[in-house]
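Hi everyone, thanks for coming. Today I'd like to walk you through one structure, so let's put it up on the screen.

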Amino acid sequence: MGGNNKQVTQGKTFRLGILGSGKGSNMVAIADACAAGRIPAEVAIVLSDVENAGILGHARERGLKAQFFPPGKFRTKLDEEAEKNLLATLERENIDLIVLAGFMRILKGEFLRVFEHRVVNIHPSLLPAFPGLEAWKQALDYGVKVTGCTVHFVDQGVDTGPIIGQQTVPVAVGDTAQILHARIQEAERELYPECVAALARGEIKVQARQTIWTR
Ligand code: GRF
């Protein structure tokens with residue numbers, strides 16, 4: 001894993017905890033960028049609330065620690081116990097940055113207080129346009145000519161935290177939802193590693209809603 005390039009803070013490598021519920025293409029892009037030394041960090045753990053999610057398989061293929069955690073009784077959030085256990089796991093692993101990569105549950109209160117400005121997400125639109133589910137479909141239905149993806153800090157709202165980076169993607173005549181989503185995901189695989197690398201290098205400062213890239 002790209003040893004020489006890793007960010008070392010007080011003798012410690014910058015540690016990522018990646019959470020996802022789906023196929024894991026963003027996790028793969030980030031893990032491979034770490035392995036290649038393009039992100040000065042290591043993937044300490046990959047966690048999923050879906051036992052057979054592709055993200056866990058891809059992580060294990062790469063020799064990464066990968067665990068399913070039971071999310072509890074709700075559909076769109078974690079129950080109190082699940083959230084407590086998840087927090088304990090991430091603290092035990094000494095995680096510096098939590099990277100949400102297709103994680104389909106909302107994180108809240110205590111969790112975000114403990115990890116303030118240390119939880120990031122990628123959303124498949126140019127926020128604040130089209131927050132929420134199936135953003136690529138919302139964009140297509142609206143008829144926009146340009147959409148894209150956004151990496152942002154996670155705050156108490158849904159897709160509302162300070163924006164770290166955005167990449168545009170054109171909408172073409174005849175695009176289906178599936179084609180447009182695939183084009184957006186290609187952009188995600190460029191943008192997310194770039195943003196995570198900047199965060200690992202300590203190059204992103206947050207001032208209220210603004211983020212400042214210091215390099
Ligand atoms: C991505 O399109 C991302 O924008 C959204 O969920 C999807 C996850 O895909 N948050 P994958 O599991 O990383 O392939």
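The residues of the shell around the ligand sort into eight polar, two nonpolar and two charged. Please keep in mind that we are looking at a predicted model.

Let me go around that shell by name. It begins with Gly 22, Lys 23, Gly 24, Ser 25 and Asn 26, continues with Gly 102, and then takes in Ile 122, His 123 and Pro 124. His 181, Gln 185 and Glu 188 complete the set.

Which elements supply at least two residues of this shell each? They are helix H1, at 25-35, strand S7, at 119-123, and helix H6, at 177-200. H6 gives the most, with three residues. On the domain level, domain 1 (1-115) and domain 2 (122-215) each provide at least three residues of the shell.

Now for some contacts. In Glu 188, a polar side-chain atom is 2.4 Å from an oxygen atom of the ligand. For Ser 25, an N or O atom in the side chain lies 2.6 Å from a ligand oxygen. Lys 23 takes part through its backbone, where a polar atom is 3.3 Å from an oxygen atom of the ligand. How much of the ligand's accessible area does the protein cover? On its own the ligand has 360 Å² of accessible area, and the protein covers 88% of that. The space that the ligand takes up is also the largest pocket.

Before I finish, have a look at the loop between S7 and helix H5, which spans 135-142. As a reminder, most peptide bonds are trans, and most residues other than glycine have a negative phi. Pro 128 is in this loop, and the peptide bond joining Leu 127 to Pro 128 is cis, with omega about 10 degrees. Phe 130 is found in the loop between S7 and H5 too, and its phi is positive, near 55 degrees.

Note on methods. Residues are numbered from 1 along each chain as its sequence is written. This is a predicted model: local features need pLDDT of at least 70, side-chain atom pairs count only at pLDDT 80 or more; totals for chains, interfaces and linings use all residues. Side-chain values use heavy atoms; hydrogens and water are left out. A residue is near a molecule or strand if one of its heavy atoms lies within 4 Å of it. A polar contact is a pair of N or O atoms within 3.5 Å; within protein, one must be able to donate a hydrogen and the other to accept it, and residues adjacent in sequence count only if both atoms are side-chain atoms. Accessible areas come from the Shrake-Rupley method with a 1.4 Å probe; for residues, only the protein chains shown count as cover. On a 1 Å grid over the protein atoms alone, a cavity is a set of points where a 1.4 Å probe fits but cannot get out, and a pocket is an open set with protein on both sides within 12 Å along at least five of seven lines; lining residues have an atom within 4 Å of a point. A molecule sits in a cavity or pocket if more than half of its atoms lie within 2 Å of its grid points. Helices (H or I, at least four residues) and strands (E, at least two) are DSSP runs, numbered from the N terminus. Ala, Val, Leu, Ile, Met, Phe, Trp, Tyr, Cys and Pro count as nonpolar, Asp, Glu, Lys and Arg as charged, and the others, Gly among them, as polar. Domain bounds come from an automatic or database domain assignment.
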